[in-house]
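Open the model in your viewer and switch on the cartoon. Keep the selection box ready.

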Amino acid sequence: MLRQAWRWSVFRNTTAGTIRSLAAAFLGADCPLRSSGGPTRGFEDIPNPLSVKSQRFLQPQPARYLSLSVFISMASGGDHPSSNHHKHTNRLAQERSPYLLQHAHNPVDWYPWGQEAFEKAKREDKPIFLSVGYSTCHWCHVMERECFEDKEIGKILSDNFVCIKLDREERPDVDKVYMTFVQATSGGGGWPMSVWLTPNLQPFIGGTYFPPRDQGRRPGFKTVLMRIIEQWQYNRATLESSGQRIIDALKKGTTITANPGESPPLAPDVANRCFQQLAHSYEEEYGGFRDAPKFPSPVNLMFLMCYWSANRRTSEGVEALQMAMHTLRMMALGGIHDHVAQGFHRYSTDSSWHVPHFEKMLYDQAQLAVAYITAFQSGGFYSAEDADSVPVSGGLEKREGAFCVWTASEVRELLPDVVEGAVGAATLADIFMHHYGVKEQGNVAPEQDPHGELQGKNVLIVCYSVELTAAHFGIAVEKVNELMTSARARMAEVRKIRPQPHLDTKMLASWNGLMLSAFARVGAVLGNEAMVERAVQAGYFLKEHLWDPDQQNILRSCYRGDQMEVQQISPPICGFLDDYAFIISGLLDLYEATFETEWLQWAEELQIRQDVLFWDDQGGGYFCSDPNDVTVLLRLKEDQDGAEPSANSVSASNLLRLSHFTGRQEWLHKSQQLLAAFSDRLTRIPIALPEMVRALMAQHYTLRQIVICGQKDALDTASLQAAVNSCFLPFKVLMHTDGNPESFLCQHLPVLSSMTQLDGSATAYVCQDFTCSLPVTEPQELRQLLLDTTNPLETA
């Protein structure tokens with residue numbers, strides 16, 4: 001589906017300290033709190049957008065609050081057969097989260113996050129062991145296999161702790177609090193996350209992945225547990241007081257607020273600094289913004305293209321566009337791109353986009369808008385596809401990437417055809433292997449494969465252009481394209497019969513909001529009615545399954561049942577800030593793609609509810625979760641755009657767009673207050689918030705209101721709409737009126753009633769700063785007007 005968007009966007013123009021020491025003292029100086037599985041393929045680390053080069057001139061900041069993912073099996077239990085076949089079954093078997101269900105048969109007395117576990121900890125006066133992860137997390141699988149399936153470790157955990165297992169995608173609010181603690185005390189963070197809490201939920205020690213037994217000077221999980229048990233018994237007062245001091249310090253250090261009367265920083269200055277910081281961290285050979293591991297970082301790419309749009313005639317603007325386009329091209333050529341089944345893996349373990357971490361995340365596909373979305377049901381989209389699967393060669397143990405990689409012999413057996421006219425009687429396999437870098441011994445270097453899972457395997461990468469491959473084998477370029485298409489189709493069929501990676505069938509409101517935007521935007525630009533219809537289906541899915549009209553709340557998640565039906569847990573998890581923000585953004589995009597005002601009306605309704613639930617009346621901006629939830633110790637405002645944009649960044653744009661659609665000036669003021677609250681971050685380290693910088697730029701340049709007057713389903717109206725959608729206009733709102741004064745938009749914006757059609761033809765008006773252009777009826781004339789950024793608007 002979205003493959004077309006990728007091709008358009010990429011190939012259209014081929015030229016173009018104190019806290020840490022407190023925590024470390026608990027386990028001893030020789031006990032690192034942050035363990036890793038290896039130098040290149042460790043635990044699920046949180047990527048820091050502030051690269052090594054960036055940090056030379058930036059104040060160090062923790063890379064916190066980056067949302068990453070979830071995972072695997074069906075909500076009915078996925079991997080696990082009936083509990084009758086298991087020696088152990090714990091209370092997680094009653095949950096619906098695929099991640100929790102993965103641990104339902106551990107010999108650990110697991111509890112889900114909730115009052116039952118909290119009351120047990122207080123009643124028995126035991127510390128809490130909180131284990132957080134998500135079901136497509138490779139190193140979460142490893143720690144489960146090594147530690148939580150170990151009977152001895154399971155008994156130590158169950159006898160001495162109240163053990164809580166948490167799906168970070170069900171409760172991102174809880175995850176953010178304890179990840180902030182782990183990052184502050186250990187210098188890094190990621191998943192699996194292991195945190196020990198007092199019965200009143202205060203953390204006192206934490207880390208990430210731990211091996212089961214000691215490895216040299218690195219203590220294993222069993223040793224860590226025994227030390228914590230000893231400290232809890234003999235040094236509890238120190239643990240509790242130190243934990244309290246850490247939380248107090250974090251409360252102070254994470255406060256984001258605007259000073260009275262403070263205005264947002266100057267957009268051009270912030271945007272220029274953001275560009276310079278990205279340029280400083282840019283890796284010129286392969287693109288991207290760090291050496292390794294390397295993440296797609298769509299928020300960086302979107303900022304760069306917007307920066308180019310506002311600075312087209314400057315060398316910096318041209319450079320910004322080149323950085324974005326080169327990164328997109330190199331990703332498309334690399335192994336991070338699934339050349340057989342499409343889509344993008346989560347990140348590359350090396351700097352050349354060659355060897356990926358094979359997990360696929362919905363939010364990546366949505367933001368990049370590059371791949372067909374295959375994992376969806378009833379209008380919703382599943383959250384993630386696992387990195388691990390069973391090897392084709394058999395055996396029960398999963399290996400990372402087994403579903404995606406190829407041996408040379410597999411390729412030769414599958415593509416034996418001799419290609420007529422090719423030099424040296426080359427076979428289709430010869431040409432494919434040359435083009436995609438397949439080697440007899442495999443193309444993954446040992447240092448990129450510390451656990452030997454990819455030995456002798458090949459990750460497909462485009463090593464040569466089609467033209468060079470054609471020249472090498474003496475055949476036409478068109479022939480190479482035809483051959484590669486045929487070869488990929490054959491390989492896709494083989495992939496279908498391989499043991500499938502597990503699919504996380506939990507459906508998250510926030511990620512479906514991102515996907516709603518992707519289908520609406522791509523469908524509108526390409527004029528693809530099927531994509532727009534898919535966006536409409538997603539909108540209805542969200543309204544039917546993830547909206548509680550009685551309580552007026554978005555719900556965080558829903559699940560796939562045994563009969564493929566959509567299920568909800570009781571009580572459901574109420575939505576968080578990102579659920580509201582991403583859905584609102586998607587609804588605004590859906591309105592602009594369809595001109596159906598029901599989506600605009602729901603967006604207005606959701607924004608009103610978001611303001612009630614999350615807005616900070618004292619400091620401006622939005623809290624990530626309900627500030628009245630006493631089980632969440634820190635009232636956080638997400639201050640970094642990472643794998644997903646922060647909900648405050650998206651909300652800054654939503655408020656601005658909605659103020660233009662509805663005439664509500666209070667939303668314009670809220671957007672300005674929000675930006676003012678983040679003023680310090682935007683001024684010093686805008687590279688941490690490129691999506692918010694885009695919102696700041698939109699405030700500065702003001703949004704152009706493009707109004708199309710005409711019958712909604714008429715061809716001339718559609719032609720003008722297509723002309724608008726053919727242009728890259730990052731700072732605009734598009735609206736439609738048919739002259740009905742009772743319509744939603746005319747009721748909110750009475751000025752629209754004065755805009756009429758010329759001579760019965762659909763007519764467009766382009767307005768900015770209370771000034772409108774002369775009306776135009778020809779699509780090409782409208783396009784030229786929109787692209788001409790040098791002349792002021794002629795007024796009617």
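This tour visits a sheet with its helices, and then a hairpin.

This is a predicted model: local features need pLDDT of at least 70, side-chain atom pairs count only at pLDDT 80 or more, and totals for chains, interfaces and linings use all residues. Residues are numbered from 1 along each chain as its sequence is written, and side-chain values use heavy atoms, with hydrogens and water left out. Helices (H or I, at least four residues) and strands (E, at least two) are DSSP runs, numbered from the N terminus. Two strands pair if DSSP finds at least two bridges between them.

**Stop 1: the sheet**

Select strand S22 (732–737) and strand S24 (771–772). These are the edge strands, and each pairs on one side only. The open sheet has four strands in the order S22-S21-S23-S24, with mixed pairing.

Now add strand S23, residues 763–768. S23 and S24 run antiparallel, joined by two bridges. Click Gln768: its bridge partner in S24 is Thr771.

**Stop 2: the helices**

Select helix H22, residues 647–662. H22 packs on the sheet and touches strand S21 (704–709) and S22; contact means heavy atoms within 4.5 Å. The direction of H22 makes about 30° with that of S22. Axes are lines fitted to C-alpha atoms, for helices over the stretch in contact, and angles run from 0 to 180 degrees between N-to-C directions.

Next, select helix H28, residues 779–787. H28 lies across S21 and S23, at about 10° to S23.

**Stop 3: the hairpin**

Select strand S19, residues 557–560, and strand S20, residues 566–567. They form a hairpin with five residues between them. Which residue in the turn has a positive phi? Met564, at about 70°. Tyr559 stands opposite Gln567 in S20.

Finally, add strand S16, residues 507–508. Two bridges join S16 to S19, and the strands run antiparallel. Met507 has Cys558 as its bridge partner in S19.
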